[in-house]
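Colleague: Got a minute to walk me through this one? I'd like to go over the DNA side and the two chains.

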Protein chains: 2
Amino acid sequence: MFTKIDMTSDTPIYQQLMENIIRGIAKQELTPGTQLPSVRTLADELEVNMHTVAKAYTLLKDKGFLSVHRNKGAVVNPQSKFAADSVYLDDLRKQLLVYATEAACRGVKAGEWISVCNDAYEELSRSSDFM
Amino acid sequence: MFTKIDMTSDTPIYQQLMENIIRGIAKQELTPGTQLPSVRTLADELEVNMHTVAKAYTLLKDKGFLSVHRNKGAVVNPQSKFAADSVYLDDLRKQLLVYATEAACRGVKAGEWISVCNDAYEELSRSSDFM
DNA sequence: TATATGTTATATATGTTATATTACATGCCA
DNA sequence: TGGCATGTAATATAACATATATAACATATA
């Protein structure tokens with residue numbers, strides 16, 4: 001169900017897991033109402049600790065992507081729960097500024113920057129039915 | 001000379017320092033040949049440890065931004081030393097994909113994504129003589 | 001030679017990440 | 001009701017990252 005975890009990566013396991021689930025939602029492989037495996041089940045499947053999965057679920061709940069219920073597990077929220085707002089967009093812009101700065105510093109002009117950003121966005125839809 | 005370090009930030013000091021120096025180069029406040037303060041001097045100025053500054057300098061050296069000489073300190077490289085290559089651009093696109101995925105997931109359409117990316121790039125030039 | 005510099009090494013402290021184990025609270029269902 | 005699966009919480013341990021402190025070493029330059 002989920003892409004594998006790269007145990008050799010610098011990126012923490014719980015973050016990789018978050019990214020995988022967000023990608024699943026973006027690709028509409030995980031639709032609102034979809035029930036995710038329990039923390040114990042997914043932990044067994046991925047061969048990681050229960051708390052590592054629980055941490056990812058909790059953070060995704062805080063971000064609005066999931067609702068977590070005792071005895072029912074984690075469920076994907078309707079998009080209205082995590083639709084982009086101005087706070088998110090401001091934060092996103094601030095993150096991107098760090099990358100834009102280094103890119104400009106390395107001689108990447110505005111057009112090429114936009115081209116790379118465009119490629120990144122379009123890479124989502126490749127090999128999936130998203131959008 | 002350098003913007004202050006936010007000691008309460010989640011971002012490690014050495015990373016903030018790297019971002020500050022890269023921003024300085026991007027804004028052409030730090031031009032090729034510019035000599036940076038010695039690790040001990042800058043550490044005193046910022047009230048951080050010598051090794052924290054040394055780590056930032058070493059990583060910036062590895063990225064091609066600085067040359068570090070015994071007895072002469074750190075010097076800003078000519079842009080040819082850190083001009084964007086395909087390896088860098090591939091890595092950048094991979095990083096941006098993570099942000100693009102979450103944005104799309106939150107309902108940000110291609111046009112709005114590009115708009116935010118554009119804003120981030122343009123924010124560089126504001127309040128500076130860059131470009 | 002004396003000095004300033006980057007570099008290396010060691011030790012300590014704190015926070016993060018991850019695992020392991022145990023226990024508790026809750027809702028479901030046979 | 002009683003059992004079960006679930007999320008949650010607490011504690012302990014280990015490894016690693018971050019940051020500081022101190023000291024010593026190597027080297028280029030005045």
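Here are my questions, with the replies.

Colleague: Before we start, how are the residues numbered?

Modeller: This is a predicted model, where local features need pLDDT of at least 70, side-chain atom pairs count only at pLDDT 80 or more, and totals for chains, interfaces and linings use all residues. Side-chain values use heavy atoms, with hydrogens and water left out, chains are lettered from A and ligands numbered from 1 in the order written, and residues are numbered along each chain as its sequence is written, from 1.

Colleague: Which element gives the largest share of the surface near DNA strand D?

Modeller: Near means that a residue has a heavy atom within 4 Å of the strand. The residues of that surface split into 8 nonpolar, 9 polar and 6 charged, where Ala, Val, Leu, Ile, Met, Phe, Trp, Tyr, Cys and Pro count as nonpolar, Asp, Glu, Lys and Arg as charged, and the others, Gly among them, as polar. The largest share, 4 residues, belongs to α3(B).

Colleague: What does a polar side-chain atom of B:Arg70 lie 3.3 Å from?

Modeller: A polar contact is a pair of N or O atoms within 3.5 Å. B:Tyr14 has a side-chain N or O atom 2.9 Å from a phosphate oxygen of DNA strand D, and for B:Lys55 a polar side-chain atom sits 3.1 Å from a phosphate oxygen. For B:Arg70, the partner is a base nitrogen of DNA strand D.

Colleague: What relation do chains A and B have?

Modeller: Superposing by least squares on C-alpha atoms of residues with pLDDT of at least 70 in both, chain A lands on chain B with an RMSD of 0.0 Å, after a turn of 180° and a shift of 0.0 Å along the axis. That is the relation of a two-fold axis.

Terms used. Polar contact = N/O pair within 3.5 Å; in protein donor to acceptor, adjacent residues only side chain to side chain. Helix = DSSP H or I, 4+ residues; strand = E, 2+ residues; numbered from the N terminus.
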